[in-house]
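Here are a few exercises to work through with the model open in your viewer. Try each one yourself before reading the steps beneath it.

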Amino acid sequence: MLERTHQAPPIFPGSQSFSTAAAQPVCATQGQASVCGRAIFQVEFALSSGRTNRGRTAVIVGAQWGDEGKGKIVDVLTQTFSVVARYAGGHNAGHTVIINGKKFILQLVPGGILRPECTNVVGNGVVIDPLAFLKEVASLRAAGVKVDGNLFVSNRAQVILPYHRMMELGSENAPGRVKIGTTSRGIGPAYEDKMGRRGLRAADLLDSQLLRTHIENACREKNMIAHALFNSDPLDADKMFREYADAAEQIAPFVRDTALLLNRALAEGKSIVFEGAQGTMLDIDHGTYPFVTSSSSTSGGAATGTGVPPTSIDTVIGITKAYCTRVGSGPFPSELAGVSGGAQGEDLRKRGNEFGAVTGRPRRTGWLDLPLLRYAGMINGISWLVVTKLDVLDHLTEIPVCVGHKVDGKETDEVPAQACGYEKLECIYRKMPGWASPTQAIRTVEALPKAAREYLAFIEKETGARVGMISTGPDREQTILVPDFISELGLKSG
Ligand code: GDP
Ligand code: IMO
Ligand code: MG
């Protein structure tokens, strides 16, 4: 509760006269007790100055091009973390969680949903397709998963509407445009509308009159543009309004001021995992632009995408596969492709089951790229790494790892700002000894083959981050937790 205030001396002497008791509520939130902005600020000040017992927080961020196994790792952390908040992307994500052989693929709903005691938040940084959200909720309900009272959508989250998909399809297939190889979910155009200040928020979706006007105006404009540019068939605004007004009624119970919810949870001592979607190299600013997604998938996005201040983020955990994959177009320096690598790449794809969780698209495969992992460490402030899919390399007697990049024959730490810059980039490989024995389902570091331990130690040495968790199979239980990681994050061992 917000009554918790700190006893610190005031910074501005005059502020002593503003006692909390005398403060009058100046703002109200949807369907909740009114709260005073000043009281929230005081909680925030107390939190940032370490004067309350606020909960722990950790950001889970993809350190590569997505699909690193974030879903599985978030699920493992929810054994002790009580809130999970998604901060970016939309239903372009596909996060797989396997519990005792039962598989769940989550797109918009955060991973904590699979533990009934967890609270789950779809933050303001997410773009939400109401129909996709309701479909996912329905399928979770059908699987017996609790979704009522423990799942909330930010009232500031942007809404994806059918014209976003129309614009994306037109643009992806238009002659002369760069084909990104998107997931065709309308993600990019929805973020464009957000930044263009002409988007629709979840709160607006619930306002029937506003929704009608918005859809009518937007359809008129988008239909004209899509017809002129891509010769697309027009969308029917009236039909769209009816469909989304109906969806709005079903979504209304989930919509909240989630920034307030999360900050309150922290002040009450609850711990939060910020669940990243996509990965560092798909980030709109820091990735392989323009072959990226349209949101801030790196750790900075956790603050802007949820309303929890950056000063409240304790730990950033980067997830990396023991090798590398990418789906869609764009640069991939350590890719196994062409005459020399194609067959090996195909082998890795088969062994790692590297096909999109939702789209089923084959993922491109390649070796671990340490310079890019170091870059991900720098951009995200990664302190712990989680290495997933170690078991996929079990058959190899030697494992090439990209240890450096060269441009024009000279080593460089700089990551190209232009996609064409990657064409000049050459990987320097070092062959690490493979372990050529099974690691699947191993649960302690000691039980790993020596060469596997050396592989992990090499990653630590080369990145400067510690490896806190190793995943040796897709199931929740097929996980190694390192003792220091357990104690820092307050996890249970074994
Ligand atoms: P996310 O988007 O980062 O959550 O990852 P995805 O769920 O899209 O893709 C990861 C895939 O690898 C899923 O099929 C997981 O079930 C699987 N997976 C995760 N960790 C492991 C692991 O350690 N070993 C193996 N063999 N598969 C894993
Ligand atoms: P998770 O969270 C892997 C890729 C698409 C495409 C590019 C842009 O499961 O790791 P978009 O539809 O976002 O405009 O597509 O980004 N992409 C992903 N690749 N994992 C994801 O999510 C992805 N989300 C988007 O393939 O190249
Ligand atoms: Mg995925």
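## Exercise 1: the surroundings of ligand 2

In this predicted model, 20 residues surround ligand 2, and those that come nearest are Lys70, His95, Thr183, Thr293 and Arg361. Work out which polar contacts ligand 2 makes, how much of its area the protein buries, and which pocket it takes up.

Step 1. Start with the backbone, using 3.5 Å as the limit for a pair of N or O atoms. A polar backbone atom of Gly94 is 3.0 Å from an oxygen atom of ligand 2. For Gln278, a polar backbone atom is 2.8 Å from an oxygen atom of the ligand.

Step 2. Turn to the side chains. In Arg361, a side-chain N or O atom is 2.7 Å from an oxygen atom of ligand 2. Taken alone, ligand 2 exposes 550 Å², and 98% of that is buried by the protein.

Step 3. Sort the shell by class: around ligand 2 there are 7 nonpolar, 10 polar and 3 charged residues. To finish, look at the space that ligand 2 takes, which is the largest pocket.

## Exercise 2: the surroundings of ligand 1

Repeat the analysis for ligand 1: which residues come nearest, and which polar contacts does it make?

Step 1. List the neighbours. Ligand 1 has 19 residues around it, and Lys70, Gly94, Thr96, Asp391 and Ser471 come nearest. Helix 2 (70–77) and strand 3 (95–99) each supply at least two residues of this shell.

Step 2. Sort the shell by class. You should find 4 nonpolar, 8 polar and 7 charged residues around ligand 1.

Step 3. Check the contacts to oxygen atoms of the ligand. Thr96 places a polar side-chain atom 2.6 Å from an oxygen atom of ligand 1, and Arg363 has a polar side-chain atom 3.3 Å from one. From Gly473, a backbone N or O atom lies 3.0 Å from an oxygen atom of ligand 1. On its own, ligand 1 has 580 Å² of accessible area, of which the protein covers 93%.

## Exercise 3: tracing the sheet

Find the order of the strands in the open sheet of 10 strands, and explain why strand 9 and strand 19 each have one side without a neighbour.

Step 1. Write down the order, which is 9-7-5-2-10-1-11-14-18-19, with mixed pairing. Strand 9 (255–256) and strand 19 (479–481) stand at the edges with a single partner strand each, so one side of each has no neighbour in the sheet.

Step 2. Follow some of the pairs. Strand 2 (residues 83–86) pairs with strand 5 (residues 119–122) in the parallel sense over 4 bridges, and Ala85 stands opposite Val121 there. Strand 5 also runs parallel to strand 7 (residues 151–154), joined by 3 bridges; here Asn120 has Leu151 as its bridge partner.

Step 3. Move along to strand 14 (residues 384–388) and strand 18 (residues 466–471), a parallel pair with 4 bridges. Trp384 stands opposite Arg466 in strand 18.

## Exercise 4: two backbone details

Where do the cis peptide bond before Pro290 and the positive phi of Arg197 occur?

Step 1. The cis bond joins Tyr289 and Pro290, with omega at about 5 degrees. Pro290 belongs to the loop between strand 10 (272–275) and helix 10 (300–304).

Step 2. Arg197 is not a glycine, yet its phi is positive, at about 60 degrees. You will find Arg197 in the loop between helix 5 (187–195) and helix 6 (202–205).

Terms used
Residues numbered from 1 in each chain as written. Chains lettered and ligands numbered in written order. Predicted model: local features only at pLDDT ≥ 70, side-chain atom pairs only at ≥ 80, totals over all residues. Heavy atoms only, no water. Near = heavy atom within 4 Å. Polar contact = N/O pair within 3.5 Å; in protein donor to acceptor, adjacent residues only side chain to side chain. Areas by Shrake-Rupley, 256 points an atom, 1.4 Å probe, with all protein chains shown as cover. 1 Å grid on protein atoms, 1.4 Å probe; cavity = no way out; pocket = protein on both sides within 12 Å on 5 of 7 lines; lining within 4 Å. Sits in = over half its atoms within 2 Å of the grid points. Nonpolar A, V, L, I, M, F, W, Y, C, P; charged D, E, K, R; others polar. Pairing = 2+ DSSP bridges.
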